[in-house]
Amino acid sequence: MTERIPCKTEGCKATILPTTAAKTGGYCMPCHQEQERQKRQAYIEKHRKTVDLYEGLTDPVDILKIMHAPKQYDPLIQYAPYPLSKEQLYVTLTTDQAARMLSFAEDLLKEDDADKTDIAENILLSLVCYRNDNIAAVLPKLLEQGIYHPAILFKDATPEIRDHLIRQVEWDDDNRNHILLILGWIGDSEVINQFREWRSNPPKWVDKLYVAPEIYALDAGWELTSDGGRRDLINGMNYAIEKAKEPKHSRTEAHAADFLTNSISTCPWCSGKLITLMDVNANHSSLAYLNLQTERLRVETCERCGCFGTIYMDLDRDGVPTWSRLNREPDYLRIFDEEDYGYDPAAWNLTLSDEPRSPFYAAIWTLSQPDSQIGGHPSWVQDAEYPECPCCHKRMRFIGQVDWADFDNYGEGIFYMFLCAEDMMTATLYQQS
Ligand SMILES: [Zn+2]
Ligand SMILES: [Zn+2]
Ligand SMILES: [Zn+2]
């Protein structure tokens, strides 16, 4: 039997065969591999270059084209980031520059190449979401290529495309789901009539769907009412919730808006403190449409139990929230561990942006933008879900959302906030990937 020799690394207990020792210079395989890894790392650090792909560029269209292009991964290259994010740049484009991005996307689509089509889709989504631009001109090209998704791209489709899709949904089993979502996003009087018609006389293909056709409208932020009309569940005014530039005590706007502060109330399910997701002046332009009689609109929830189900709060005449007696404890609530909450949202010092943004800015969760906002369209991580008001049994309106990932590197998941203004009741829901 061959005698094994000890690995040369101090403190390593491994023994190795002489043949291994000859190859590695006397080290065991794991130690040898670690040495190689360190050598490689040192080499990379010594030789790594920072490459600034944006150097000398001033035209935002050129800059965006580079941002959209896939970057070759090379450990020896570190790419210098551009000072503005993609979505920030999109917002600054002039009409002419946005039109150039649109025709660039059109050219990419013509190449009929999967990677280029992905880039084109991303550009189109950015134009639609961040700028609310009308991209109807490229929609025939998308349909020609069999692209029906994401449905929001089609929200400004022409009547010709709408009528074409209303006919197609009758026979196209493969794309029916996507087409119904698209029709929801178009959401004009013809679509409303069609949804009403399908509700009164369900076509044969309804059996193949998981939900009734008119439920597809929820994805686009509205519902078909019992009398067959359109009721919007979202509001177009949209303001970002962002980190405040000044410390809280020096802010002068008389606390127009506060987010993620500790409440004095306690959760009856887990006995933890509730969190105030938002506390905003009810006259702020993002909320004025609600015509509230209270000075503030405050939404509270339990940060822990709220991840497992809807939490309703009653608002009294002064807008002070209390835990609703109509809350139903979920069957499943995890045992909470203080260590799960390694951050303190109350320390984030958040405020509302001064400038409104596109209603659809955060509508696609998988794009790169921060999602936290008052108003606008929700960033559904899962399916669209509007809680029912336990008093009047109508769907509650979406009033805003907080995405933990916007403020904490380890944070994830979104709290969605809803209101029934008639019954002065708020609700929260939570979704994560
Ligand atoms: Zn070793
Ligand atoms: Zn709780
Ligand atoms: Zn209600």
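**Exercise 1. Find how strand 16 and strand 17 run relative to each other in this predicted model, parallel or antiparallel, and how many bridges join them.**

Step 1. Start with the pairing: strand 16 and strand 17 (residues 425-431) run antiparallel, and seven bridges join them.

Step 2. Pick a pair to look at on screen. Phe 418 stands opposite Ala 427 in strand 17.

Step 3. Now follow the chain through the turn. The hairpin of strand 16 and strand 17 has four residues between the strands, and Met 424 takes a positive phi near 45 degrees there.

Step 4. Look at another partner of strand 16. Strand 15 pairs with strand 16 in the antiparallel sense, over six bridges, and Asp 403 stands opposite Ile 414 in strand 16.

**Exercise 2. Sort the residues of strand 16 by the way they point, and decide how many of its seven residues are buried.**

Step 1. Recall the rule of thumb: side chains in a regular strand alternate between the two faces of the sheet.

Step 2. Apply it here. Ile 414, Tyr 416, Phe 418 and Cys 420 point one way, while Phe 415, Met 417 and Leu 419 point the other way.

Step 3. Check the cover. Both sets are buried, so the count for strand 16 is seven of seven, given that buried means under 20% relative accessible area.

**Exercise 3. Work out which residues hold the zinc ion (ligand 3), and which geometry they give.**

Step 1. List the donors: Cys 389 (SG), Cys 392 (SG), Cys 420 (SG) and Asp 423 (OD) lie 2.0 to 2.3 Å from the zinc ion (ligand 3).

Step 2. Read the spacing along the chain, which is C-x2-C-x27-C-x2-D.

Step 3. See what is linked. Cys 392 sits in the loop between strand 14 (373-376) and strand 15 (397-403), Cys 420 in strand 16, and the two are 28 residues apart.

Step 4. Compare their cover: Cys 392 is partly exposed at 31%, whereas Cys 420 is buried at 6%.

Step 5. Settle the geometry. The four donor atoms subtend angles of 105 to 115 degrees, so the arrangement is tetrahedral.

**Exercise 4. Do likewise for the zinc ion (ligand 1): which residues coordinate it, and which parts of the chain does the pair Cys 12 and Cys 31 tie together?**

Step 1. The donors are Cys 7, Cys 12, Cys 28 and Cys 31, each through SG, at 2.3 to 2.4 Å.

Step 2. Their angles of 99 to 115 degrees make a tetrahedral site, and the spacing is C-x4-C-x15-C-x2-C.

Step 3. Cys 12 lies in the loop between strand 1 (5-6) and strand 2 (15-16) and Cys 31 in helix 2 (residues 29-47), so the pair ties together parts 19 residues apart in sequence.

Step 4. Finish with the cover: Cys 12 is partly exposed at 23%, and Cys 31 is buried at 13%.

Terms used:
Residues numbered from 1 in each chain as written. Chains lettered and ligands numbered in written order. Predicted model: local features only at pLDDT ≥ 70, side-chain atom pairs only at ≥ 80, totals over all residues. Heavy atoms only, no water. Donors = N, O, S within 2.8 Å, 3.2 Å for Na, K, Ca; no water. Tetrahedral: all angles 85-135°; square planar, octahedral: opposite > 155°, others 65-115°. Buried < 20%, exposed > 50% of the residue type's maximum accessible area, 1.4 Å probe, protein only. Pairing = 2+ DSSP bridges.
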